[in-house]
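Take a moment with the sequence and the 3D view. We will start at the ligand and then visit a few places along the chain.

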Amino acid sequence: MQPTKKTLRWMYQTMVTSRRFENAIEKIYMEGKAPAFNMADGPIPGEMHLSDGQEPVAVGVGAHLGPEDIVTATHRPHHHAIAKGVDLNRMAAEIFGKATGLSGGRGGHMHIFDVDKNFACSGIVGQGMGPAVGAALARKMQAAPGVAVAFIGEGAANQGAFHEAMNLASVWKLPMICVIEDNAWGISVSKKVSTAVAHNDVRAASYGIPGHYVSGNDPWKIYAVAGEAIARARAGEGPTLIEVETYRLAGHFMGDAEGYRPKGEKDGLFAKDPIPAMRSRLEREGIFKPAELDALEAEAQARVDDAIRFARESADPKPEDALTAVFV
Ligand SMILES: Cc1ncc(C[n+]2csc(CCOP(=O)(O)OP(=O)(O)O)c2C)c(N)n1
């Protein structure tokens with residue numbers, strides 16, 4: 001299964017939008033956080049986990065998803081949210097803690113919820129597995145169209161919730177896909193010392209379902225493997241487990257000194273940055289001319305600038321609204 005030119009345009013532009021958005025967030029996040037790094041200061045309070053380098057996973061899978069499909073993501077959710085079509089202005093406002101944010105500024109960057117787009121994420125590692133299985137079960141019981149995709153990190157695959165959810169998804173033959181983003185690190189802990197198997201796709205055997213490992217952070221390969229798994233789920237044939245090798249170009253969160261990285265690792269990862277790599281393949285194969293790609297990038301930047309402006313100019317939540325939407 002190969003992406004069409006139209007799909008490739010969307011994939012490339014979505015990757016660039018995600019990266020430019022994060023570049024902007026990264027800069028603004030540091031405002032007001034010097035000389036002492038206090039997470040609560042500045043226009044973007046709280047922790048910040050960037051997904052730079054992991055964009056191919058979001059677009060390779062997201063290219064197969066429609067509005068009826070559900071995505072549960074992680075504490076590193078921006079690329080997934082953008083690929084699922086979450087409103088960028090309201091997402092930016094949520095990250096800034098503004099009243100116009102998706103949750104009125106209550107959630108922040110790790111809690112991007114968009115009911116209209118069937119998108120959710122959580123700061124709790126492995127949390128999205130249960131809701132993805134629940135959503136897939138609901139679709140099946142209601143004979144409604146739609147698959148559920150749970151994105152998790154490779155660290156989360158050692159969580160109990162992962163195993164319980166995969167087992168039930170298989171027993172009930174649910175339209176669910178688990179996509180593990182293997183960026184090699186769970187905070188500062190290397191996968192090599194935390195995980196008993198080299199690649200988590202082999203764990204699919206424990207649930208009697210297909211498992212696939214995709215190397216190289218390659219958008220084309222991810223697209224092909226995800227397409228097969230999603231078609232299988234739509235056909236009522238049950239879940240699939242996919243692990244994708246990807247790269248975390250940033251620290252675990254902003255403020256991470258990354259002293260645990262072996263010397264030279266980052267340089268090696270930046271040399272494999274998937275965005276310039278995709279651009280050069282698109283040019284080399286004559287799929288897009290450089291000027292067309294420049295135009296796609298300019299459009300992505302304009303969209304990001306607009307979202308940041310919207311977030312900055314939005315009002316803070318009012319103290320008297322603090323208890324709205326709090327269930328007691
Ligand atoms: C249940 C739970 N345990 C621990 C944490 C603290 N924590 C936050 S991120 C993280 C590492 C996650 O690693 P991984 O799943 O590989 O995702 P990545 O950060 O690499 O995207 C941990 C342990 C948490 N948020 N939730």
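How many Å separate an oxygen atom of the ligand from an N or O atom in the side chain of H75? The distance is 2.8 Å. Keep in mind that this is a predicted model.

Now look around the ligand. It has 15 residues around it. Of these, H75, R76, G123, G155 and W185 come nearest. You have already met the side chain of H75, with its N or O atom 2.8 Å from a ligand oxygen. G155 makes its approach with the backbone: a polar backbone atom of G155 is 2.8 Å from an oxygen atom of the ligand. N183 uses its side chain, where a polar atom lies 2.9 Å from a ligand oxygen. How much of the ligand does the protein cover? On its own, the ligand has 590 Å² of accessible area, and the protein covers 70% of that.

Next, turn to the surface. Find L168, V171 and W172. These residues form a nonpolar patch there. Together they have about 270 Å² of accessible area. L168 sits in helix 6, which runs over residues 160-171. Is L168 buried or exposed? L168 is partly exposed, because its relative accessible area is 33%, and the partly exposed class lies between 20% and 50%.

Now follow the backbone. Go to the loop between helix 1 (5-29) and helix 2 (55-62), where you will find P35. The peptide bond from A34 to P35 is cis. Its omega is near 0 degrees.

Move on to N118. Its place is in the loop between helix 4 (88-95) and strand 2 (119-121). Check its phi. The angle is near 55 degrees, a positive value in a residue other than glycine. N118 has a relative accessible area of 23%, so it counts as partly exposed.

The last stop is E258. Look in the loop between strand 8 (240-245) and helix 9 (265-271). E258 is not a glycine, yet it has a positive phi of about 60 degrees. Is E258 buried or exposed? E258 counts as buried, because its relative accessibility is 17%, and buried means under 20%.

Go back to the ligand once more. Trace the polar atoms of H75, G155 and N183 to the ligand oxygen atoms.

Definitions and conventions
Residues are numbered from 1 along each chain as its sequence is written. This is a predicted model: local features need pLDDT of at least 70, side-chain atom pairs count only at pLDDT 80 or more; totals for chains, interfaces and linings use all residues. Side-chain values use heavy atoms; hydrogens and water are left out. Patches are made of residues with over 30% relative accessible area and no salt bridge: like charges are joined within 9 Å, nonpolar side chains (Val, Leu, Ile, Met, Phe, Trp, Tyr) within 5 Å. Accessible areas come from the Shrake-Rupley method with a 1.4 Å probe; for residues, only the protein chains shown count as cover. A salt bridge is a side-chain nitrogen of Lys or Arg within 4 Å of a carboxyl oxygen of Asp or Glu. Helices (H or I, at least four residues) and strands (E, at least two) are DSSP runs, numbered from the N terminus. Buried means under 20% relative accessible area, exposed over 50%, partly exposed in between (1.4 Å probe, protein chains only). A residue is near a molecule or strand if one of its heavy atoms lies within 4 Å of it. A polar contact is a pair of N or O atoms within 3.5 Å; within protein, one must be able to donate a hydrogen and the other to accept it, and residues adjacent in sequence count only if both atoms are side-chain atoms.
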